[in-house]
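Here is a colleague's note for someone meeting this structure for the first time. Please have the chain in view while reading.

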Amino acid sequence: MREICYKCLRSKENCFCRFLNPFDSGIKFVILMHPKEAKRQRTGTGRIAAAGILGAEILVGIDFSKNARLCELLSDEKYFPVLLYPGNDALGAKSTLLAEKCAGKTLLAIIIDSTWFCSKKMLRLSENVASLPKITFSESYRSLFTFKREPSEECVSTIESCYYLIKELREVGVAKKDGDAESLMRAFKEMVKFQLQKENDRIEGKIPDSHSTDRKYQKIKTIPDYLN
């Protein structure tokens, strides 16, 4: 029986928590994880993010309108809750207005860990989440998720979302400036390199196919220098 890491729920041989240096970001992160995403231990990054950020929580579900824990957090006056989600009505993370709104309170950042298609359903059902003030990145980013196809270039993984949000909020004094946020990206890069190498091992016949569609993909993957 394989040993399991109880932080990320991966097997210990495939666990990337050793690259993390858990830190206090000064932000309360709550990751709303779709059940389908919760089963994706191969590529899901939400659990790694939560393992690297002290106080981060993961709530699994689709309709969070009556989720007791989320409702408790949203009603706690020490928090200023926001939803990280793009839109014309979303404030940039570097906005001075955002910093003013959460002055004296801890930012409660709600992150949806799901495909874009499923996230829309989650928001439609979870009115308590959909009605929150929205924030978005002030800068543009490109995901390092080289082995996973995203709907558009600007889509980033959950762990990248947490990292970039912390990075931007530090500039306006909303997030704490100390703490090893870079460890999030270290763990993420190691995961990407691991998956690329495993894919190459499969193509070279070193390990068996794991999915019926694997035979369609026989091109050796290049491991980019920026992952090192």
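The points below deal with the sheet, then with two helices, then with one serine.

1. The model is predicted, so to speak of local features a pLDDT of at least 70 is needed and side-chain atom pairs count only at pLDDT 80 or more, while totals for chains, interfaces and linings use all residues. Numbering starts from 1 along each chain as its sequence is written, and side-chain values use heavy atoms, leaving out hydrogens and water.

2. Six strands (E, DSSP runs of at least two residues, numbered from the N terminus) make an open sheet in the order E2-E1-E5-E3-E6-E4, with parallel pairing, where two strands pair if DSSP finds at least two bridges between them. Strand E2 (57–60) and strand E4 (91–92) stand at the edges with a single partner strand each, so one side of each has no neighbour in the sheet.

3. Edge strand E4 pairs with strand E6 (residues 134–136) in the parallel sense over two bridges, and Leu91 stands opposite Ile135 in E6.

4. Helix H5 (helices are H or I runs of at least four residues) lies across strands E1 (28–33), E3 (79–84) and E5 (106–113), at about 125 degrees to E5. Helix H7 (residues 158–171) lies across E1, E3, E5 and E6, at about 155 degrees to E5. Angles run from 0 to 180 degrees between N-to-C directions, with axes fitted to C-alpha atoms, for helices over the stretch in contact.

5. Ser119 lies in H5 (residues 116–125) and counts as buried because its relative accessibility is 3%, buried meaning under 20% relative accessible area with a 1.4 Å probe, protein chains only. Leaving aside neighbours within four places in sequence, Ser119 is in contact (heavy atoms within 4.5 Å) with Tyr85, Ile112 and Ser114.

Technical notes: Buried means under 20% relative accessible area, exposed over 50%, partly exposed in between (1.4 Å probe, protein chains only).
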